[in-house]
Structures are given as structure tokens and as C-alpha cells.
Amino acid sequence: NSKFFTYFFNNLDYRIKFFVEKIIFNNLSPNSLLIDIGAGQCQYKDYFISAGHKYFAQDYIKYNEKIDFISDACCIPVHAAVFDAVISLQVLEHLREPAYYLNECYRILKPEGKVFLSANMAYKIHMPPNDYFRFTEFGLKHLAERSGFKVTYIEKHGGVFQVLSKTFLFSIQSIKKFSPFLFFIAVLVLTLPLAIITFICTLLDFLDKDKIMTLNYAVCLKK
């Protein structure tokens with residue numbers, strides 16, 4: 001079962017998908033006009049269109065023909081108060097000016113419009129050099145409120161056990177740069193132990209009630 005596998009062995013992806021399919025979907029008005037900022041490969045486009053929403057995609061380069069707006073995320077070439085909702089998944093940490101970005105989201109949203117975003121806290125550097133920040137829930141709330149938004153939902157994606165599981169994985173990946181041969185040996189020897197550790201960490205994650213060390217946050221904001 002792919003859902004079972006994703007939940008136990010790629011829990012962060014599972015939680016982001018849950019955020020899209022349950023939280024975002026259930027908080028959208030019918031026939032909403034959406035913009036997916038930092039859309040990349042537009043992996044959720046068909047999902048939203050099939051639900052009757054109008055979907056537009058933005059990114060700073062044209063990954064494919066599905067990208068409608070090629071621009072800086074802080075300066076999108078649309079009029080004010082156009083969209084019902086902004087979707088922004090794993091984008092905020094890659095922006096040099098996250099506060100300006102949230103101001104831009106506020107500008108392009110209609111009154112009562114919503115932002116659905118997710119962002120890293122405890123995670124490795126990725127997509128260098130365009131990886132600038134990590135966020136706490138308090139930092140996200142501060143940025144949102146300073147731009148005029150109200151935070152209506154915030155969820156932590158995993159606790160200390162999920163962070164521990166990812167750290168084991170990243171430590172093995174780090175060997176590759178040092179020695180591809182040692183990395184190959186590590187993969188052969190440690191794949192099964194790492195799978196067991198990942199499975200156990202996912203099972204134990206419920207024990208961490210406070211989750212003061214989390215991989216990621218999912219947040220809903222309202223204009």
C-alpha cells in the first residue's frame with residue numbers, strides 16, 4: 001500500500017499531501033481562483049482543477065508549459081485583489097525577503113482571501129544557494145500578522161523522532177560527496193537498519209507532544 005509506505009518512510013511528504021488534500025481542500029470556497037506560487041512542476045494542478053477550481057501557477061523560471069507567471073514571488077504581474085487563495089508549499093525558506101512576499105500575497109488576495117503555506121524548520125540545506133531561512137511557529141505568526149493576516153491554523157509536521165529519522169538519512173547521504181564508494185557500501189549495509197529506524201521513529205513520534213523540534217510547519221492565513 002503506497003499510503004502506508006509514504007506514511008512510515010516519507011512522513012513529511014505524507015503530511016504535506018494531507019495538508020493539500022484535507023486542510024486546503026476543505027477550506028476553499030467552490031470555484032475558487034487559486035495561484036500556486038513557486039509551483040515548480042505544478043504537481044497539484046490537476047487535483048484542484050478536477051475539484052472545479054481555477055488554477056494559475058507562478059515561478060521564477062518556466063519549469064514547463066503549466067507556469068502562467070514567470071516573475072519574482074514578491075512582485076507578481078497581476079492586479080490587486082484578484083485571487084481567492086494563494087498556495088505556497090515549501091517556498092518561504094527559499095525567498096530572500098519573506099516579509100515582502102507575504103505583503104505581495106496580501107495585495108493579490110481578495111478580501112477574506114486565504115494563504116496556505118508550508119515551510120521548513122529542522123531540515124537540511126537544499127536547492128543551494130537559494131535556501132535562506134528556517135522558521136519557528138512564532139516567526140511565521142509574526143511575519144503573517146505584520147503583513148495584515150490572521151493565523152487560522154498551524155500544524156507541526158513531525159516531532160523530535162521524525163527529526164532524528166531524517167538526520168540519520170541525511171548523515172548517510174553526506175558520505176556520497178566524500179566518497180561515492182563508501183556511500184555505496186553504506187547503502188548496502190545500512191538500508192535495512194535505516195528503514196527499521198525510520199519505521200520505529202514514525203511509530204514513536206506520537207510520544208512527543210510538544211514538538212519543539214519539528215521538521216516543518218503547515219499554516220493557514222486569512223486576509
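What follows is a walk through the pockets, packing and odd backbone spots of this structure, which is a predicted model.

Let's start with the empty space. Rolling a probe the size of a water molecule over the atoms shows where empty space is left. Here the largest pocket holds about 1200 Å³ of space. It has 42 lining residues, and if you want to find its centre on screen, look for Gly38, Leu89, Gln90, Val91 and His94, which are the closest to it. Three elements each give two or more residues to this lining: α1 (2–9), α2 (11–26) and β2 (54–59). The top contributor is α2, with 8 residues. As for chemistry, the lining is a mix of 17 nonpolar, 14 polar and 11 charged residues.

The second largest pocket has about 190 Å³ of space. Its lining takes in Phe8, Phe9, Asn10 and Asn11, then Gln162, Ser165, Lys166 and Leu169, and finally Leu194, Ala195, Thr198 and Thr202. The elements giving two or more residues here are α1, α6 (160–173) and α8 (180–204). Sorted by class, that lining comes to 5 nonpolar, 6 polar and 1 charged residues.

Two of those helices, α6 and α8, are worth a look as a pair. Two packed helices are described by the angle between their axes and the distance between the axes. For α6 and α8, the axes come within 9 Å and cross at roughly 175 degrees. Because an angle over 145 degrees counts as roughly antiparallel, α6 is roughly antiparallel to α8. On the α6 side, the contact is made by Phe161, Gln162, Leu164, Ser165, Phe168, Leu169, Ile172 and Gln173. On the α8 side, the partners are Phe183, Ala186, Leu190, Leu194, Ile197, Thr198, Cys201, Thr202 and Leu204. This contact has 12 nonpolar and 5 polar residues, with no charged ones. Some of these names should look familiar: Gln162, Ser165, Leu169, Leu194, Thr198 and Thr202 take part in the helix contact and also line the second largest pocket.

Now over to α4, the helix at residues 98–108. Which of its residues are buried? They are Pro98, Ala99, Tyr101, Leu102, Glu104, Cys105 and Ile108. An α-helix has 3.6 residues a turn, so residues three or four places apart point the same way. You can trace that kind of spacing in the buried set, for instance from Tyr101 to Cys105. What do these buried residues pack against? Their neighbours are the strands β1 (33–37), β4 (83–89), β5 (109–120) and β7 (216–222), plus the helix α5 (137–146).

Leu102 of α4 also helps line a cavity, along with Leu92, Leu117, Leu140, Ala144, Val219 and Leu221. A search of the whole structure turns up 1 cavity of 30 Å³ or more, and the largest cavity has about 40 Å³ of space. Two elements, α5 and β7, give two or more residues to its lining. In contrast to the mixed lining of the largest pocket, this one has 7 nonpolar residues, no polar and no charged.

Stay with β7 for a moment, since tyrosine 217 lies in that strand. Is tyrosine 217 buried or exposed? Its relative accessibility is 3%, so it counts as buried. Leaving out residues up to four places away in sequence, its contacts are Leu117, Ser118, Ala119, Met121, Phe135, Thr136, Glu137, Leu140, Ile154, Glu155, Lys156 and His157. Of these contacts, Leu117 and Leu140 are also part of the cavity lining. Methionine 121 shows how the fold brings distant parts of the chain together: it sits 96 residues from tyrosine 217 along the chain, yet their C-alpha atoms are separated by 7.2 Å.

Last, some backbone details to check in the loops. Proline 129 lies in the loop between β5 and α5, and the peptide bond leading to it from proline 128 is cis, with omega near 5 degrees. Methionine 127 is found in that loop too, and its phi is near 50 degrees, a positive value in a residue other than glycine. With 46% relative accessibility, methionine 127 counts as partly exposed. Lysine 211, in the loop between α8 and β7, likewise has a positive phi near 50 degrees without being a glycine. Lysine 211, however, is buried, because its relative accessible area is 15%, and buried means under 20%.

Note on methods: Residues are numbered from 1 along each chain as its sequence is written. This is a predicted model: local features need pLDDT of at least 70, side-chain atom pairs count only at pLDDT 80 or more; totals for chains, interfaces and linings use all residues. Side-chain values use heavy atoms; hydrogens and water are left out. On a 1 Å grid over the protein atoms alone, a cavity is a set of points where a 1.4 Å probe fits but cannot get out, and a pocket is an open set with protein on both sides within 12 Å along at least five of seven lines; lining residues have an atom within 4 Å of a point. Grid points are joined across faces, edges and corners, and a volume is the space filled by probe spheres set on the points. Helices (H or I, at least four residues) and strands (E, at least two) are DSSP runs, numbered from the N terminus. Ala, Val, Leu, Ile, Met, Phe, Trp, Tyr, Cys and Pro count as nonpolar, Asp, Glu, Lys and Arg as charged, and the others, Gly among them, as polar. Axes are lines fitted to C-alpha atoms, for helices over the stretch in contact, and angles run from 0 to 180 degrees between N-to-C directions. Angles under 35 degrees count as roughly parallel, over 145 as roughly antiparallel, 65 to 115 as roughly perpendicular and the rest as oblique. Contact means heavy atoms within 4.5 Å. Buried means under 20% relative accessible area, exposed over 50%, partly exposed in between (1.4 Å probe, protein chains only).
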